[in-house]
Structure formats: structure tokens, C-alpha cells
Amino acid sequence: MKVFIGKMFRMDALILYAHPNPTSFNNSIKEATVEKLTSMGKSFQVKNLYSENFYPVLTGEELQDIFVNSKVKEEIKKEQEMIKQSKTIIVIHPVWWSGMPAILKGYIDRVFTYGFAYKEQNGEIVGLLGDKKVLIINTFGADEGELNSFGIKDCFEKIYYSIYGFCGIKEVKSKFLFAVPYVSREDRIKMLEDIKRFVEENV
Ligand SMILES: Cc1cc2nc3c(=O)[nH]c(=O)nc-3n(C[C@H](O)[C@H](O)[C@H](O)COP(=O)(O)O)c2cc1C
């Protein structure tokens, strides 16, 4: 891990990972990403939401604290500090019900708060995370043709830009892996190689 004396420490990457099963293909994707970042000599941290048992519900009280009292819980401040320090956020998760697993959505609800991820200035929204980029790696059960036929693939890109772009992040790139439960072992190996290339070219 690199240390910068006298400057704020900046990590090359944060892996934000959401899959409950340690034998899943998503876990292999996470491990391939870790392996590639390590071989590139990058500094990084892994945030494993399920294994850390992240509590994902933004309660009424917390919402009131954020917007009315400008107060953020200590546990959330730690997450925000980790994001602040990271140049690239690599988000890895399966697609569930055409979205992200609830634990990850809850992480975004609770951590990407007003005053940290965005603010209002002269009646306009200003994103505060503009010094970062986001790479999203998703697995789907459906195949690419099926998703394209009703335009869902484009929707995903738009939704991701509407989340991370809202926070000022201009570079939001995604890598989608299709029909994951049905492809051969050889195809999965190729997918992992593809992920390593994606990481190498973008971190
Ligand atoms: C609760 C749940 C909801 C799912 N919803 C979708 C979906 O909306 N679209 C899709 O293509 N696949 C869907 N799937 C399939 C998963 O995306 C697929 O099994 C997973 O990405 C494969 O990766 P894994 O082996 O790491 O879990 C769903 C699976 C589960 C368990």
C-alpha cells in the first residue's frame, strides 16, 4: 500500500461488492479484480457489504438528521471518508429484479448524502464527487439479445449515469456479462479475462 506523507492519502480504487454467496461468479469477478489491481501495483480497498453486514435502511430519523440537522452518523462518515480517498470506485454486483441488490441500493441511500455527494447552490444541484470515476461490473441471467429487444441495456447505463453523474462523476463505465448461469466454464474464464482487461484499461 502506497503512503503519501504530508498529503491526503488517495487510494487508486475502492471495490464496492454486493453478493451474499462466496462461491458465486460475482465473487470470482471480485477476486479477478483484486488480482489485477495487485499485479498493477495499485492501492485499493474492498468493501464487502454482505460479509460486513451493512445495514441498508435509511430511516426517517436518519433522513431528518441529514436534511434538517446536517448530521451524519459516525459509521456513515467512515464510509464517506473511504470514498473521498478513492480515485476509482469499482462496483460489482448481480442484477436482481432489473436493479442492484437492496443492500447496495441502501448503501447509496445512506452514504451518498446531501452535503457529501451533492449539494444545492443557487438553486442548482452541484455534484461533489467529480474527482472520481466509476466502473460498474454487472452479471445478468438474461442474454444480451433478450435485454436489447426491450431496451433494458440502455436503461441501465442511463440509470447509472443518473446516480453517479448526479454526484458529479463524469466517467461512468459499465461492463455487462450476460446469461451468466447458462454459459460454459470456458466462457466464464473468458469473461474473467475480459474483466481484468477492463480494470487494466480503466484504473
Ligand atoms: C432475486 C433475483 C433476481 C434476479 N433478477 C434478474 C433480472 O431482473 N434480470 C436478469 O437478467 N437476471 C436476474 N437474476 C439472475 C441473476 O442476475 C444471475 O443469476 C446472476 O447475475 C448470476 O451471477 P452469480 O452466479 O454470481 O449469482 C435474478 C436473480 C435473483 C436471485
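**View 1. The shell around the ligand in this predicted model.** Here we're looking at the ligand and the 15 residues that surround it. The closest of them are S24, P94, T139, G141 and A142. Sort the shell by character and you get 9 nonpolar residues and 6 polar ones, with no charged residue in the set. Two of those closest residues bring us to the strands shown below: T139 belongs to strand 6, which covers residues 133-139, and P94 belongs to strand 3, which covers residues 86-94.

**View 2. The open sheet, strand by strand.** Let's take in the whole sheet: 5 strands, lined up in the order 2-1-3-6-7, with parallel pairing. Strand 2 (44-48) and strand 7 sit at the edges with a single partner strand each, so one side of each has no neighbour in the sheet. From one strand to the next, the twist averages 15°.

**View 3. Strand 6 and its two neighbours.** On one side of the pairing, strand 6 joins strand 3 in the parallel sense, with 7 bridges between them. Look for T88, which stands opposite K133 in strand 6. Strand 6 also runs parallel to strand 7 (residues 171-177), again over 7 bridges. Two pairs are handy for finding your way along this second pairing: V134 stands opposite V172, and I136 stands opposite S174.

**View 4. Strand 6, buried on both faces.** Which residues of strand 6 point to each side? K133, L135, I137 and T139 lie on one face, while V134, I136 and N138 lie on the other, and all of them are buried. That makes 7 of the 7 residues in the strand, so strand 6 is largely enclosed by the rest of the structure.

**View 5. Helix 6 across the strands.** Now bring in helix 6, made of residues 152-164. The helix lies across strand 6 and strand 7, and runs at about 145° to strand 7.

**View 6. A hairpin from strand 4 and strand 5.** This last close-up shows a different kind of pairing: strand 4 (residues 118-121) and strand 5 (residues 124-127) are antiparallel, joined by 4 bridges. To find your bearings, start at K119, whose bridge partner in strand 5 is V126. The two strands form a hairpin with 2 residues between them. One residue to look for in the turn is N122, which has a positive phi of about 50°.

Conventions:
Residues numbered from 1 in each chain as written. Predicted model: local features only at pLDDT ≥ 70, side-chain atom pairs only at ≥ 80, totals over all residues. Buried ≥ 20, exposed ≤ 12 C-beta atoms within 10 Å, placed from the backbone. Pairing = 2+ DSSP bridges. Near = placed C-beta within 6 Å. Nonpolar A, V, L, I, M, F, W, Y, C, P; charged D, E, K, R; others polar. Axes fitted to C-alpha atoms, helices over the stretch in contact; angles between N-to-C directions. Contact = placed C-beta atoms within 7 Å.
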